[in-house]
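Subject: The structure we talked about

Hi there,

Here is the structure I promised to pass on to you. Have it open while you read, and I will walk you through what turned up.

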Amino acid sequence: MGAQPLNCVWLDTREKRTDRVVLTANTDHWNKERGPRLEKVVYRNDIDPAEALDLVCDTEGEIDLVSEVSAADAEKVKNSEFARLEVIDAMRVLLGLINRGAEDAPLHDVRVRRALNMAVDRARLVAEGFGGYAYESAGIIPSYAGGYAGLEPYPHDPDAAKKLLREAGWPEGRALKLATTTATEPVAGMLAEGMGESLGIGVDVIVVPDEDLLAAQHALVEKVMPLPFDVLLHAWFDLSADAPPAFMHGFLYGEGGAFRTGPPVAEFDGLLNRFVREIDADKQRELSAEIDRFVYDEALSLFLVFPQALYAVNRNVNFVAHATTLELAETEVTEEHWSRRNGS
Amino acid sequence: MAQTVRQGSEEGGQYTPVGTIHVVDPSPLNWLFITWNTMEEPVRTDANGYLVGAAMEESRWIDETTFEVKLRKGIRFQDGEDFDARSFERAFVEVQRWKAPHPPGTSLNFHPDTRLEILDSHTVRMIFPEPDGAILGKFRGFHLPSTRFWDEIGFGYKKLGTGEGHW
């Protein structure tokens, strides 16, 4: 760990959740225009998310809100008698970390990285992989965040992708190694099929088993051993929408970035250092856009999508979704809600 | 989508909390979301994700390395203690004790040589050794609990004897 502002260390903070966590309203809170509007919030950690989805969709009085609903389950919620689907543009990104340090494939060459980006049919990915609940990404700042650079996604252009791959000397017969966790395995399968066809090479999907995930994360962050992939599907997020490079770009590409995959990029680090020392908000937004343009031009990642956050919510709960968090101060229930009918 | 209905007895912009909801949140960030639901920070985010003042009412750069924070008056912790510059100072001292207090890593750290000056009961100045353009974002993870929290529980203090990775 150095003295730079964006360094990172590895910390294992996993702890077992208690069965229930109960929050009660602080009626003395200063922000009375905001809330709290609920008397009590009970987190049910003793219920499996799949079972919870069934309960919110098919019953009343059991579960009122389920987060992290998958696009595959969206229709089930929309067709429910008891629940509705809430969709929010979230500060989330799904991308591919490109291993620029691979020894037997020229992923250090920007032409190869651009070829990978041109091999992705993002429109199909959004439609079929995310049920439409995502936006195609260009860079990692979405249009609804500060510092948006107005970039267009790389075009899906298989001919140009093949040409770039040839020019950069991609080894004959060398398959692309696409790694994924089990959470993004369906997306990896879809990408592998499409990219293989577009690039004219094989794509081997490597699935990291859940029981090996922690060790794989350690290897990624520590950067001691060679990484066993060319591209790793990776979901990341931001804590606010104001200045994404501080948390997103820094983690993904910075010298001290936990998820940097390949040697440090001096020009990027120079931009980031200017960014973190810039105290003028307007100039900082301009730098955000410049940083996002740089990582896009250099194709430092396989840019994929900005997934939306989906929630299943009981029909009598007025939920105010947030782009960066699950906050419940403004959420309220109608008079028809089970807890008010029951006097709970 | 259900129509938003004013609930409880709203009197002069105030709400009387009513009702209970049951939530299943499988997000790995659930611990953080609960913290944000229950603790004050200088800033929070609005529904669109943009920073807005919370325990901090306003702020300004005095010069390139001096950041002045006006704290909101009238905040009281759940245990009845009033929030003021001393609360901010205690949290600052506590967070500066650790090398990597925040689980995502050190990007939310204040520079270790940062100094804090209290100007009055609700005004503080942070003096950095170099400009910190990320300070408002860092405030998102700068939790401001009461004295009792620090003395009795702390972030991992009682359970683990350390705050590293548990802010």
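Reading along the sequence of chain B, you meet its elements in the order β-α-β-β-β-β-α-β-β-α-α-α. That gives five helices and seven strands for chain B. Its C-alpha atoms fill a box of roughly 50 × 35 × 30 Å along the principal axes. Chain B has 167 residues, and 53% of them count as buried. Please keep in mind throughout that this is a predicted model.

**A helix to look at in chain A**

Try finding α6, which covers residues 185-199 of chain A. How far does this helix reach from its first C-alpha to its last? The span is 20 Å for 15 residues, close to the 21 Å expected at 1.5 Å a residue. Several residues of α6(A) are buried, among them Val187(A), Met190(A), Leu191(A), Met195(A) and Leu199(A). Small residues are on that list as well, including Ala188(A), Gly196(A) and Ser198(A). Just after the helix comes Gly200(A), with a positive phi near 75°.

**Salt bridges**

How many salt bridges does the structure hold over all chains? The count is 29, and a few are worth a visit.

Start with Glu68(A) and Arg92(A), whose closest N and O atoms are 2.8 Å apart. Glu68(A) sits in the loop between β3 (65-66) and α2 (74-78), while Arg92(A) belongs to strand β5 (residues 92-98), so this pair ties together parts of chain A that are 24 residues apart in sequence. Are these two residues buried or partly exposed? Glu68(A) is partly exposed, at 33% relative accessible area, and Arg92(A) is partly exposed too, at 22%.

Next, look for Arg174(A) and Asp230(A), whose side chains meet in a salt bridge at 2.8 Å, N to O. Arg174(A) is in the loop between α5 (158-167) and β7 (176-181), and Asp230(A) is in the loop between α7 (213-222) and β9 (231-237), so here the parts of chain A tied together are 56 residues apart in sequence. Both Arg174(A) and Asp230(A) are buried.

In chain B, Arg148(B) forms a salt bridge with Glu152(B), with 3.4 Å between the closest N and O atoms. Why are they about one helical turn apart? Because they are four residues apart in helix α4 (residues 147-152) of chain B. Glu152(B) is partly exposed, with a relative accessible area of 45%.

Salt bridges can also join up into a network, and one here links Arg34(A), Glu327(A) and Glu330(A) with Arg140(B). Follow the letters in brackets and you will see that residues of chain A and chain B take part.

**A charged patch on the surface**

Which residues form a negative patch on the surface? They are Glu267(A), Asp280(A), Glu286(A) and Glu290(A). Of these, Asp280(A) is placed in the loop between α9 (266-276) and α10 (281-297) of chain A. Asp280(A) is partly exposed, at 32% relative accessible area.

**Backbone details**

Some spots in the backbone of chain A are also worth checking:

- Gly35(A) and Pro36(A) are joined by a cis peptide bond, with omega about 5°. You will find Pro36(A) in the loop between β1 (20-24) and β2 (40-44) of chain A.
- Lys223(A) is not a glycine, yet its phi is positive, at about 60°. This residue lies in the loop between α7 and β9 of chain A, and at 29% relative accessibility Lys223(A) counts as partly exposed.
- Ala299(A) has a positive phi as well, near 45°, and is also a residue other than glycine. Its place is the loop between α10 and β10 (301-307) of chain A. Ala299(A) is buried, with a relative accessible area of 0%.

**One distance to try yourself**

Finally, pick Ala216(A), which lies in helix α7 of chain A and is partly exposed at 29% relative accessible area. How far is its C-alpha atom from that of Val110(A)? The two are separated by 26 Å, and they are 106 residues apart along the chain.

Have fun exploring, and write back with any questions.

Best wishes

Notes. Residues are numbered from 1 along each chain as its sequence is written. Chains are lettered from A and ligands numbered from 1 in the order in which they are written. This is a predicted model: local features need pLDDT of at least 70, side-chain atom pairs count only at pLDDT 80 or more; totals for chains, interfaces and linings use all residues. Side-chain values use heavy atoms; hydrogens and water are left out. Helices (H or I, at least four residues) and strands (E, at least two) are DSSP runs, numbered from the N terminus. The expected span of a helix is 1.5 Å times one less than its number of residues. Buried means under 20% relative accessible area, exposed over 50%, partly exposed in between (1.4 Å probe, protein chains only). Patches are made of residues with over 30% relative accessible area and no salt bridge: like charges are joined within 9 Å, nonpolar side chains (Val, Leu, Ile, Met, Phe, Trp, Tyr) within 5 Å. Accessible areas come from the Shrake-Rupley method with a 1.4 Å probe; for residues, only the protein chains shown count as cover. A salt bridge is a side-chain nitrogen of Lys or Arg within 4 Å of a carboxyl oxygen of Asp or Glu. Lys and Arg count as positive and Asp and Glu as negative; His and the chain ends are not counted. The place of a charge is taken as NZ of Lys, CZ of Arg, CG of Asp or CD of Glu.
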